[in-house]
Amino acid sequence: MHRSTPPRPTHRTARAAGALAALLALTACGTAAADDGSLEVLASFYPLQFVTEQVGGDRVTVTNLTPLGGEPHDLELSPAAIGRVSRADLVVVQSGFQPAVDQAVLEGHPARTLDATAVLEAAPAAEPALPLHDDDHVDAHDEHEHEHDEHAHDEQASDAHDHDHAAALDAGHVADDGHDQGGVDPHFWLDPTRLALLAPAVAETLAAADPAGADEYRSRADTLVHELTELDTTFTAGLASCTHRTLVTSHAAFGHLALRYDLDQVSVAGLDPDTEPSPRRIREVADLVREAGVPTIFFESAATAKVADVLAEDAGVTTAALSPLESLTREQVDAGDDYLTIMTANLAALRTGLDCA
């Protein structure tokens, strides 16, 4: 069986993240409240908005820089949005994920900035239920290089296992399956225990800006951590006894979820949802699906199911949608959906698609 395990982030990536984290350090500048007296807070995409709203309550007004249904990866900011960044009481970001937001923060000097990347890097590494194994997928190399790499893999499997397992837990990053060279999976929020790490950090940052609300922020953070812990418990129980543990996805957005719940993510494409996989890669994954008896190919609910449909037809299996929860649609907002309800729907889809008892 094939498991997707990440390479350790490069020194250049680590230095860049560290430098940006330093530039995003909390400042002691004064704050400017919104018209209703609440703090004016910007979140760069939905999961950060969710945590900030849950912790801030009525004392904050949170605006999402990524529009409903928008693609956070490709976000571009208007001059008006850049101006809001400079005037905000707090901006909550994930450095390295949205370059336009990183640039706006660096140039705009908002009163306070909280960087989710820095919070995760400072937190203890997440431990999966079982250790990961090496990924032996073929990549974009030619057949000769692939054969050579597989031979080296066989000789070094034990050492590589230890190294890659440590890399998987490094700073909460989980990389793709090797088809996007050097990339790391930014979707940390699909592991509820990692998202929960943001709650106390948001509470303390809001408390620094609004000391009168400190107790409320901390209490609300505790409540959110409890809810996310319960969600994690539900996922762990719900995915504990699945007939299949191979999670085949159209692209590698679910590495953190797979790591947390001992699933084997096999992605047709890498981290970039706009990258079309080669026919060779589709055939390769189709062969794996048939050999392992995988019953379901998962595609992102907000993206086209074209790749998943082609693969499912080739392999004779079904498809199902999973939400990466990068942003909400207008329909989801109107229906009252949020992170908790959509993650619960993801669990239901996984339990059906993986044939869980």
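**Helix packing and nonpolar cores**

Helices α9 and α14 are roughly parallel to each other, because an angle under 35 degrees counts as such. This is a predicted model, in which local features need pLDDT of at least 70 and side-chain atom pairs count only at pLDDT 80 or more, while totals for chains, interfaces and linings use all residues. Residues are numbered from 1 along each chain as its sequence is written, and side-chain values use heavy atoms, without hydrogens and water.

**The α9 and α14 pair**
- The axes of α9 (residues 214-238) and α14 (residues 339-353) come within 10 Å and cross at roughly 5°.
- Contact (heavy atoms within 4.5 Å) involves E227, L228, L231, T234, F235 and G238 of α9, and Y339, L340, M343, T344, L347, L350 and R351 of α14.
- These residues divide into 8 nonpolar, 3 polar and 2 charged.

**Nonpolar cores**
- The largest nonpolar core (buried Ala, Val, Leu, Ile, Met, Phe, Trp, Tyr and Cys residues joined through side-chain atoms within 4.5 Å) has 61 residues, and V55 and Y339 touch the most other members.
- Helix α8 (residues 198-209) supplies the largest share of this core, 8 residues.
- Leaving aside residues up to four places away in sequence, V55 touches A199, V202, A203, L206, Y217, R220, A221 and L224.
- Another core, of 17 residues, lies apart from it and includes L288, V294, F299 and A308.

**H244**
- H244 is in the loop between α9 and β5 (246-249).
- At 18% relative accessibility, H244 counts as buried (under 20% relative accessible area, 1.4 Å probe, protein chains only).
- Beyond residues up to four places away in sequence, H244 touches A292, G293, V294, P295, L354 and D355.

Methods: Buried means under 20% relative accessible area, exposed over 50%, partly exposed in between (1.4 Å probe, protein chains only). Helices (H or I, at least four residues) and strands (E, at least two) are DSSP runs, numbered from the N terminus. Axes are lines fitted to C-alpha atoms, for helices over the stretch in contact, and angles run from 0 to 180 degrees between N-to-C directions. Angles under 35 degrees count as roughly parallel, over 145 as roughly antiparallel, 65 to 115 as roughly perpendicular and the rest as oblique. Ala, Val, Leu, Ile, Met, Phe, Trp, Tyr, Cys and Pro count as nonpolar, Asp, Glu, Lys and Arg as charged, and the others, Gly among them, as polar.
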